[in-house]
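Biologist: Please take a close look at the interior of this model for me, starting with the enclosed space. I would like one connected account, and please carry on outwards from there.

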Amino acid sequence: MKKYYIGLSSTFHDSSIAILNDQGTVLFAEATERKLQYKRGLSCPADNFDIGRILRKYCDKDASFVIATSWSEDYLQLLNRMERMNFFSEKSLTNPKLQLPSKYIFPKASIYTILKLQHQYLKNAGTGSLLAIQQQFSGSAVSFRSYPHHHTHAAYACYSSPYEDAACAIIDGYGEGGSISLFHYQNDQLKEVSLHKGPQSLGWIYEMITTLCGFDWFTGEEWKVMGLAPYGNIIPEAHSLLKELCWYDNKRLHYPDDEKIIAITGKLQAFKRLPESSPWSAADLAFTGQTFFAELTTLLLKDLESMKLSSNLVIGGGCGLNSSFNGTVTSQTGFARLFVPSAPADDGNSIGAAMLALKEDNPAIRLGSKPFFSPYLGSVIQEDAIKRMLQLGNISKIRHLPLSIHKETAVKLAEGKLVAWVQGRAEFGPRSLGNRSILADPRPADMKNRINSNVKFREEFRPFAPSILHEYGHDYFENYEETPYMERTLIFKEAVKEKIPAVVHANHTGRLQTVKKEWNSAYYKLIKSFYDITGVPIVLNTSLNIMGKPILHSLEDAIGMFYTTGLDVLVVNDYMIEK
């Protein structure tokens with residue numbers, strides 16, 4: 001009998017679901033936010049929405065199931081005890097013995113609120129999957145597993161890497177009792193080397209900087225700090241205060257006592273952006289915060305490198321999304337190579353939990369060291385939706401181009417058109433990688449402002465990514481490294497910057513995506529066709545959404561965005577629609 005492993009990211013934010021077969025193949029993986037079109041899917045269980053249809057599509061009728069979650073049973077029991085102690089009540093918030101430093105960092109979002117949300121979420125984790133299995137696979141055996149949060153981060157990050165061995169750093173806001181875990185990955189096995197216990201957190205520090213800059217960390221606006229930082233300069237006083245608030249020594253992070261935390265965070269309020277002021281006024285603070293984060297994280301990684309576990313480094317956890325820092329890792333540490341998966345934050349834990357369950361049942365099965373772990377694991381545009389569009393859409397300018405769609409699209413890009421490009425399965429993770437993308441010509445200097453103002457409706461300082469054919473990477477970037485998931489920024493060579501100004505950020509970097517034919521044939525052919533026309537092996541790539549929304553999910557989402565923004569062309573599979 002076949003067995004399937006349903007992995008659930010069990011955090012109250014960035015929930016997701018993954019399905020693995022008993023050979024270790026990821027059949028499906030998708031974040032809840034995509035289906036719901038609700039950013040981060042806050043407090044929305046991943047398996048309460050359309051799970052029955054997904055299981056019917058990917059799983060055989062006669063099979064058994066394992067439902068694996070990304071928080072351990074011990075942690076759930078701890079939260080149960082906290083609830084019985086009335087820990088989540090308003091009265092407990094005034095008890096100085098129960099305070100954590102985050103209370104002073106986040107005055108509007110208490111850690112207690114977060115823990116309560118997490119508790120409610122964990123108590124019901126997997127019930128949607130169980131109900132769907134009972135309804136769709138009557139008589140199938142179902143079992144439940146749970147795994148420590150950082151272990152699921154590490155499993156997904158390491159098993160999706162191309163390495164046989166690696167040192168692995170998991171860095172996030174707060175896992176189960178700590179925010180940093182170090183692992184040794186070797187011979188397809190994971191061994192925890194160190195767990196940083198306590199509330200000290202690099203993730204929380206960055207969230208505090210995000211708040212001071214006037215952005216909302218709770219909805220994931222740390223991106224804005226990274227985008228704004230290159231326009232700023234260091235603020236010496238703010239940098240000194242941050243060093244008093246958190247420092248790295250003797251292989252761990254340190255915070256001062258509560259009284260000093262209150263004093264320091266109070267002084268930092270002097271640099272906070274006022275609600276009525278422009279985001280540009282926070283550029284210096286963003287640069288200072290990004291610099292401080294990079295300094296601390298570099299010290300941590302140098303300590304990990306000194307353990308001599310491997311010359312390969314894997315980073316997971318939410319801090320793995322800091323592409324600006326990731327681009328500096330190999331030059332600032334002793335590691336020769338870096339891997340960050342396409343979904344290093346909590347959404348990736350659905351795959352990690354399913355992998356750990358499979359390894360528990362089949363210790364000899366090998367999951368890691370594959371040349372490329374495909375991120376194209378999500379939903380496809382339904383054929384019936386395309387048929388309805390053709391029959392009932394009353395769209396006049398539509399062409400079916402099964403043999404030449406990439407060439408025709410390249411022509412439109414070279415003409416300066418803004419193209420929504422929808423192909424195959426959706427990407428797993430927060431970044432568009434050529435299947436749910438807005439594409440444009442990177443040569444016009446005003447292209448970035450045009451997209452930000454007419455399509456994305458977002459701040460002008462936010463950059464766009466260059467998708468580049470791998471064989472030309474060394475021609476365009478200093479110290480080029482393969483970057484399949486837009487997981488790092490690299491510095492453009494001086495001689496090429498004027499060719500592609502729309503994808504060159506203020507600090508001369510680009511958060512690139514390496515494109516290979518064997519990774520994404522349709523996208524490769526499109527960029528190659530654009531190169532044949534223009535001599536430039538790069539297209540501008542940004543996620544197919546507007547600010548505040550997730551990457552779109554359905555054809556209906558795509559049609560709606562196309563006709564309500566400044567997009568010129570919509571390509572869905574082999575169909576091209578123009579305005």
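Modeller: Happy to. Sorted by class, the residues lining the largest cavity are 7 nonpolar, 4 polar and 4 charged. Please keep in mind throughout that this is a predicted model. The largest cavity holds about 120 Å³ of space, and 15 residues line it, with Glu 30, Lys 35, Ala 46, Phe 49 and Ile 54 closest to its centre. At least two lining residues come from each of strand E2 (16–21), strand E3 (26–31), H1 and H2.

Let us stay with those two helices for a moment. The loop between helix H1 (32–36) and helix H2 (51–58) contains Arg 40, a residue that has a positive phi of about 70 degrees although it is not a glycine. Is Arg 40 buried or exposed? Its relative accessible area is 15%, so Arg 40 counts as buried, the cut-off being under 20%. A useful comparison is Lys 251, also a non-glycine residue with a positive phi, here of about 65 degrees. Lys 251 sits in the loop between strand E9 (247–249) and strand E10 (252–254), and with 48% relative accessibility it is partly exposed.

Back to the enclosed spaces. The structure has 4 cavities of 30 Å³ or more, and the second largest has a volume of about 50 Å³. Ile 54, one of the residues closest to the centre of the largest cavity, is also part of the lining of the second largest. H2 provides the largest share of that second lining, 4 residues. Other residues around the second largest cavity include Phe 28, Gly 378, Ser 379, Val 380, Gln 382 and Arg 425. By class, this lining divides into 4 nonpolar, 3 polar and 3 charged residues.

Gln 382 makes a handy stepping stone, as that lining residue leads in the numbering to helix H16 (residues 383–392), which lies across E13, E21 and strand E22 (575–578) and runs at about 45 degrees to E22. These strands belong to an open sheet of 8 strands with mixed pairing, in the order E13-E22-E21-E14-E15-E20-E16-E19. Strand E13 (398–400) and strand E19 (513–515) are its edge strands, each pairing on one side only. On average, and with direction ignored, neighbouring strands in the sheet are turned by 25 degrees against each other. Within the sheet, strand E14 (residues 419–422) and strand E21 (residues 569–572) run parallel and are joined by 4 bridges, with Ala 420 standing opposite Leu 570 in E21. Helix H21 (residues 555–564) lies across strand E15 (436–440), E21 and E22, at about 170 degrees to E21.

Finally, an open space to set beside the enclosed ones. The second largest pocket contains about 550 Å³ of space. Its lining has 24 residues, among which Ser 324, Phe 325, Gly 327, Thr 328 and Thr 489 lie nearest the centre. Helix H12 (283–306), helix H13 (323–326), helix H14 (329–332) and strand E17 (490–491) are the elements that contribute two or more residues to it, and H12 gives the most, with 6. By class, this pocket lining has 8 nonpolar, 13 polar and 3 charged residues, while the largest cavity, where we began, has 7 nonpolar, 4 polar and 4 charged.

Terms used:
Residues are numbered from 1 along each chain as its sequence is written. This is a predicted model: local features need pLDDT of at least 70, side-chain atom pairs count only at pLDDT 80 or more; totals for chains, interfaces and linings use all residues. Side-chain values use heavy atoms; hydrogens and water are left out. On a 1 Å grid over the protein atoms alone, a cavity is a set of points where a 1.4 Å probe fits but cannot get out, and a pocket is an open set with protein on both sides within 12 Å along at least five of seven lines; lining residues have an atom within 4 Å of a point. Grid points are joined across faces, edges and corners, and a volume is the space filled by probe spheres set on the points. Ala, Val, Leu, Ile, Met, Phe, Trp, Tyr, Cys and Pro count as nonpolar, Asp, Glu, Lys and Arg as charged, and the others, Gly among them, as polar. Buried means under 20% relative accessible area, exposed over 50%, partly exposed in between (1.4 Å probe, protein chains only). Two strands pair if DSSP finds at least two bridges between them. Axes are lines fitted to C-alpha atoms, for helices over the stretch in contact, and angles run from 0 to 180 degrees between N-to-C directions. Contact means heavy atoms within 4.5 Å.
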